[in-house]
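Biologist: Could you walk me through this structure, one label at a time? I would like to hear the reasoning behind each word.

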Amino acid sequence: MANIAGALCSDERWKRASELHVLHEEQKFSPLEASGINKLFLNGLPRGAITEINGRRSSGRTSVCLHILAQATARGEVCAIIDLCDSFHPVSAAAAGVRLDRLIWVRCHGNAEHAIRSADLLLHAGGFGVVLLDLCEANPRVLNRIPLSYWYRFRRAVEHTPAILLLCAESPQAKSCSSHQLQLKRNAFHWSGKPPFLVLRGLQVQALLRKARLVCPESLFIRTAA
Amino acid sequence: MYACIHSAVPLFRQSLLELARGFSPEVEQADASTVVFSIDPLRKLIGSPYQIASEICRYGHERKMQASLAIASNPDAAILLARNCIGVTLVTPGEEQLKLAPLPLTALFTHDIPVDGALLEVLHRWGLKTCEDLAALSERGVAERLGQAGVYLRTLARGAIHRPLRVAAPVTNYEERLELEHPLQLLEPLLFLLGRVLSELCGRLRSQSRAARMVAARFELEEKKEYSFELEFAVPLEESRTMLKLLQLHLERHPPEGPILAFTLRMEAVEPRRVQAGIFLPPTPPADKLQVTLERIAGMVGKENAGTPRLLNTHRPDAFEMTTLPLTDAVQSDMQPQVAGPGMLRLVMRLFRPALHARVHVVEYAPKDVLASGVRGNVVRSAGPWKTSGEWWAATAWSREEWDVALDDGALYRIYQESKSREWYVYGVYD
């Protein structure tokens with residue numbers, strides 16, 4: 001015993017079991033190129049985690065989500081969008097750069113149960129780059145009925161996979177299960193021309209990343225498609 | 001060495017193939033009355049070509065066949081001799097030209113050759129009658145005057161064309177029928193039987209290095225009713241388990257109307273999907289798993305609500321169709337966003353489906369307040385109107401005036417007024 005204790009003290013190669021650190025797998029990130037957002041997500045979007053994007057109508061939440069989808073599909077990843085209220089506009093998405101031929105769109109016509117079950121099936125099928133669960137425009141009562149256990153299940157499903165589960169809703173849904181939460185708030189609309197001959201040019205929003213070490217708001221400008 | 005059996009009697013044509021298959025599994029059927037096969041593997045088993053010829057003759061005699069047999073060092077010489085010489089002709093290697101010499105030139109043209117028949121007239125005009133005459137010509141001279149076809153004919157007349165046998169692959173039937181002793185009503189025992197049949201059919205597919213693009217199922221029900229459907233796969237499948245799952249999902253959604261007495265499964269075989277995975281390529285969902293997942297989702301939300309959107313070539317608002325995900329084998333290098341730059345955020349629209357009927361108060365030709373289900377406010381700023389119309393010749397015709405309006409609730413909407421009905425609708429919200 002004395003010899004072992006002596007060896008432990010003298011030889012640095014030997015360590016006590018209590019000193020052993022649990023090896024964590026290095027988290028991977030999906031690169032995100034967009035002026036403003038990349039300052040918030042310094043390394044990119046974390047893979048194998050849930051990221052929430054929240055905001056009210058015209059806060060740019062859909063634009064940010066489709067921008068993430070556009071970059072993922074441009075890299076060749078297959079993505080999915082689960083559209084609870086059937087409000088996805090493929091023409092806008094294509095104009096924003098989303099490759100529709102690498103996108104699966106599930107229209108749920110307001111049925112939250114179908115949306116949650118579809119997300120569950122797609123996440124467990126594996127192989128997707130980004131799965132966007134769009135809960136915007138849904139009745140808050142319906143969303144409140146979704147059990148918290150589902151978000152834990154989704155977190156477990158995406159863990160250790162290269163997939164990103166994006167949650168887009170007016171208010172936070174996944175609570176502690178999400179790794180990042182991006183809160184968007186509209187600042188102003190930009191118009192060109194003089195009344196009554198106005199043309200919409202873009203939208204100025206304020207983005208605030210919660211659940212991050214450094215919380216500082218960032219201003220984003222979202223242009224209209226030419 | 002190759003043996004060729006030829007029978008001009010139509011009665012023995014079917015027996016010819018059986019006779020040849022009795023000696024070799026690889027048989028070339030030159031035409032309905034001629035078969036060729038290699039006798040080299042028989043040498044250890046039977047002996048010399050003489051002994052093999054006598055064995056073939058004995059088999060033919062037992063079946064009372066009237067046929068001629070030729071054995072030569074190449075298939076074409078054997079075919080020519082069997083067709084034109086009665087009885088048994090045995091050619092030792094190197095003597096093909098000598099044996100073929102007396103044959104008329106017309107014999108070469110009855111052979112299955114890739115040469116124009118008009119060439120025979122040219123050769124006759126040159127005074128050539130037999131294979132010997134053609135073989136005696138110099139190769140260079142023939143090539144200069146008749147080209148590649150002439151050289152081929154000369155080589156054939158010399159009995160010097162060496163080629164492998166053109167063995168026809170046996171046609172595999174990917175169809176199986178199962179009659180049941182008792183009518184089946186429950187899905188579970190039916191799936192057990194379907195699984196057995198699918199497993200057998202997939203075994204046949206694998207043995208031929210093929211995959212199934214489609215499975216057609218036909219169920220014979222009580223009271224002489226029938227129920228059939230076809231399942232088409234986005235990518236060819238080889239696994240019976242995946243096919244069984246897809247069949248199960250379909251049968252759960254569309255069950256047969258009555259008890260099942262018998263069923264038939266048929267597969268359409270195609271080349272399997274070959275994917276070269278790359279280290280630097282992003283992962284994609286496994287094709288078979290994705291099909292099952294999409295089928296499950298389609299079972300919930302409906303087939304028309306799950307798929308890949310494809311924009312239609314029209315200016316009609318919200319014109320798209322749902323298709324199946326095209327699982328390309330490799331990621332193209334040109335996969336870059338076409339419209340938006342990589343770092344540029346684009347303002348997109350979120351639609352209300354169907355468009356919300358609205359009450360809009362108009363002052364001086366511009367909307368001043370909007371009231372619809374879930375949308376209410378005074379117009380702070382507006383841009384428009386933009387008139388759009390099209391497809392006046394079809395039922396999908398549209399004509400409307402669109403406005404972008406910012407309401408005092410802070411949101412920005414796209415509203416429009418139908419030109420015919422003068423009704424207002426909220427089309428979507430910029431988000």
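Modeller: Happily, and please remember that this is a predicted model. Let us begin with the largest nonpolar core, which has 100 residues.

Biologist: What makes it a nonpolar core, and which residues have the most contacts inside it?

Modeller: Such a core joins buried residues of kinds such as Leu, Val and Ile through C-beta atoms within 7 Å. Leu69(A), Val131(A), Leu165(A), Leu166(A) and Ile415(B) have the most contacts inside this one. Helix H3 of chain A, residues 61-74, gives the most to the core, with eight residues.

Biologist: Which residues does Val131(A) touch?

Modeller: Leaving aside residues up to four places away in sequence, Val131(A) touches Ala80(A), Ala119(A), Leu122(A), Leu123(A), Ala163(A) and Leu165(A).

Biologist: Why are H5(A) and H11(B) called roughly antiparallel?

Modeller: H5 of chain A (residues 112-125) and H11 of chain B (residues 287-301) pack at about 175°, with axes 10 Å apart. Angles over 145 degrees count as roughly antiparallel, so this pair earns the label.

Biologist: What classes of residue make up the contact of H5(A) with H11(B)?

Modeller: That contact has seven nonpolar, three polar and three charged residues. Among them are Leu121(A) and Leu122(A) in H5(A), and Leu290(B) and Ile297(B) in H11(B).

Biologist: How do you know whether chain B is compact or spread out?

Modeller: The radius of gyration of chain B is 37 Å, while the globule rule gives 22 Å for 431 residues. The value is well over the rule, so chain B is more spread out than a compact globule. Its C-alpha trace spans about 105 × 70 × 50 Å along the principal axes.

Key. Residues numbered from 1 in each chain as written. Chains lettered and ligands numbered in written order. Predicted model: local features only at pLDDT ≥ 70, side-chain atom pairs only at ≥ 80, totals over all residues. Buried ≥ 20, exposed ≤ 12 C-beta atoms within 10 Å, placed from the backbone. Helix = DSSP H or I, 4+ residues; strand = E, 2+ residues; numbered from the N terminus. Contact = placed C-beta atoms within 7 Å. Axes fitted to C-alpha atoms, helices over the stretch in contact; angles between N-to-C directions. Parallel < 35°, antiparallel > 145°, perpendicular 65-115°, else oblique. Nonpolar A, V, L, I, M, F, W, Y, C, P; charged D, E, K, R; others polar. Rg over C-alpha atoms; globule rule 2.2 N^0.38 Å.
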